[in-house]
Amino acid sequence: MHLPDGGLTASSISMNRRGFLRSSFGMLSAASVRGALASFAPDALRPAQKTVIVTFGGGARDEETFAEEGQQNIPHLLQELLPQGTFFTQVVNAGILGHYVATASIVTGAYERFNNFIAQPPPNPTLFEYYRKALRRPATDTWVIAPSNGFQRIGGSSDSAFGPAFEAGVILPKRLLSAALKQGSGADTDRLSHLLQDNYEMPLYQSAAAAHDDELHLDRLDSTLRLSVADFLARARASDSADELSIFIARQLMRQQSPSLLLLTLHDMDIAHSGAYSLYVDAIQRADRLCAELWQMIQSDPEYKDRTTLYIMPDFGRDADDDPAGNGFQHHRTGGALARTTWLLALGPHIRQNVTVDRPIASIDLVPTVGCHMGFPTPLAQGRCIQELL
């Protein structure tokens, strides 16, 4: 797929990423392990698998990541994680470039076309519903952790054959923090209220229903994770971002519930919309560190070690600096190649290590891939199974 963007195409972006990785880290091409992939039998791993998915809300451009000048911002991804996994250099998002609708497309495997600024369930069944319905899994076995209040309906669809009976639980750390601050001191509020800033496309968005059930959300999460408000606030005081809070919640969730299917959206880097380049770069560096911490958590937990596949993928990118229709790092308005072309990193016991794949795949390919690997159908998904990951 070729998209105009100041002379860039999706394939040229892919080749630039591959060239950097091969010269710097000696990563193999997919062709060099094709024979091994053909002989590998993933069925033996299927009885007790787990999947963790991390998306980057707003994404990050190569200038701040894979290009020579951006390498310093992602040392954990480059030096620790990529050598352990398979890296796809060309993931194209052909849908709407809004964070909620793009993430909904990723979790349904179909390009959703609804209004990005309305908290509504996606019309197509989600990965979580496919998983729970086909494998008869309980509600505690799949969760979504999403910093933005606008993601409150991401756990399930409006499809009558699926819906609430099979949806994932959605944890909104900002809502938890908001409720906790109401019970805390004025000093707590002054110190942590900046973390309540929501998606920078729709600041402080909250539905009418959400405004009345903060306490219910807090009570539910507290009982689910057996996590005291005092403990949460103690850790939150040491946190400097909503993404830090998300990883904190993920850690508690993994320890208490050990869910088999977990999605986290890291959203700090969307501060780029405010025009603060330094904070955008800080958020990239933080996401890089948190992804490494999450992988370490997986590897150190007996419930997850050697049975978990981790997928890391931006929902989309950002505009090119030389595109007059956009605002560079600040926005993702143009629909050009730099805004639509992202990447995917997969790690896990069945994933080939130190491999790059240059062929184009789609962001909607993730749902059928997880279904193919974990053994459940995804009949309404429009994407395809990624063969290199099976």
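**Note on the predicted model: helices, a disulfide and salt bridges**

1. Helix α4, which spans residues 99–108, is mostly covered, since 10 of its 10 residues are buried. This is a predicted model, and the remarks here should be read with that in mind. The buried residues of α4 are H99, Y100, V101, A102, T103, A104, S105, I106, V107 and T108. What do the buried residues of α4 pack against? Their partners are the strands β2 (50–56), β6 (261–266) and β7, together with the helices α5 (127–135) and α13 (366–374). Just after α4 comes G109, whose phi angle is positive, at about 75°.

2. A second helix to look at is α10, and it is best read together with α11. Two packed helices are described by the angle between their axes and by the distance between those axes. For α10 (residues 242–256) and α11 (residues 277–300), the angle is about 5° and the axes lie 11 Å apart. Angles under 35 degrees count as roughly parallel, and α10 and α11 are therefore roughly parallel to each other. On the α10 side the contact is made by D243, E244, I247, A250, R251 and M254, while α11 contributes R286, R289, L290, E293, L294, M297 and I298. Sorted by class, the contact of α10 with α11 has seven nonpolar residues, six charged residues and no polar ones.

3. One residue of this contact, M297, can be followed in more detail. M297 is found in helix α11, and, leaving aside residues up to four places away in sequence, M297 touches I247, A250, R251 and M254. These four residues are among those that α10 brings to its contact with α11. Although M297 and R251 are 46 residues apart along the chain, their C-alpha atoms are separated by 7.4 Å. Is M297 buried or exposed? At 11% relative accessibility, M297 counts as buried, because buried means under 20% relative accessible area.

4. Salt bridges deserve a careful look. Side chains of opposite charge can pair when their charged atoms come close. In this model the count comes to 10 salt bridges. One of them joins the side chains of R289 and E293, with 2.9 Å from N to O. Because R289 and E293 are four residues apart in helix α11, they are separated by about one helical turn. R289 counts as partly exposed at 27% relative accessibility, and E293 likewise counts as partly exposed, at 24%. Both R289 and E293 also appear in the list of α11 residues that make the contact with α10.

5. Further salt bridges can be checked in the same way. The side chains of R307 and E303 meet in a salt bridge of 3.6 Å, N to O. R307 is partly exposed, with a relative accessible area of 25%, and E303 counts as partly exposed at 38% relative accessibility. Elsewhere, salt bridges that share partners join R61, E63 and E64 into one network. Within that network, R61 forms a salt bridge with E64, the closest N and O atoms being 2.9 Å apart. Are R61 and E64 buried or exposed? Both R61 and E64 are buried.

6. Cysteines are the next point. A disulfide is a covalent bond between the sulfur atoms of two cysteines. How many disulfides does the structure hold? The structure holds one disulfide, formed by C372 and C385, whose sulfur atoms are 1.8 Å apart. The link of C372 and C385 is right-handed, with 45° about the S-S bond. C372 lies in helix α13 and C385 in the segment after α13, the two being 13 residues apart. C372 is partly exposed, with a relative accessible area of 28%. Another cysteine, C291, is buried, with a relative accessible area of 2%.

7. The last point concerns a loop residue. Where is the place of N327? N327 sits in the loop between β7 (308–314) and α12 (337–340), and at 35% relative accessibility N327 counts as partly exposed. N327 and H273 are 54 residues apart in sequence, and their C-alpha atoms are 9.3 Å apart in space.

Notes:
Residues numbered from 1 in each chain as written. Predicted model: local features only at pLDDT ≥ 70, side-chain atom pairs only at ≥ 80, totals over all residues. Heavy atoms only, no water. Axes fitted to C-alpha atoms, helices over the stretch in contact; angles between N-to-C directions. Parallel < 35°, antiparallel > 145°, perpendicular 65-115°, else oblique. Contact = heavy atoms within 4.5 Å. Nonpolar A, V, L, I, M, F, W, Y, C, P; charged D, E, K, R; others polar. Buried < 20%, exposed > 50% of the residue type's maximum accessible area, 1.4 Å probe, protein only. Disulfide = S-S within 2.5 Å. Salt bridge = Lys/Arg side-chain N within 4 Å of Asp/Glu carboxyl O.
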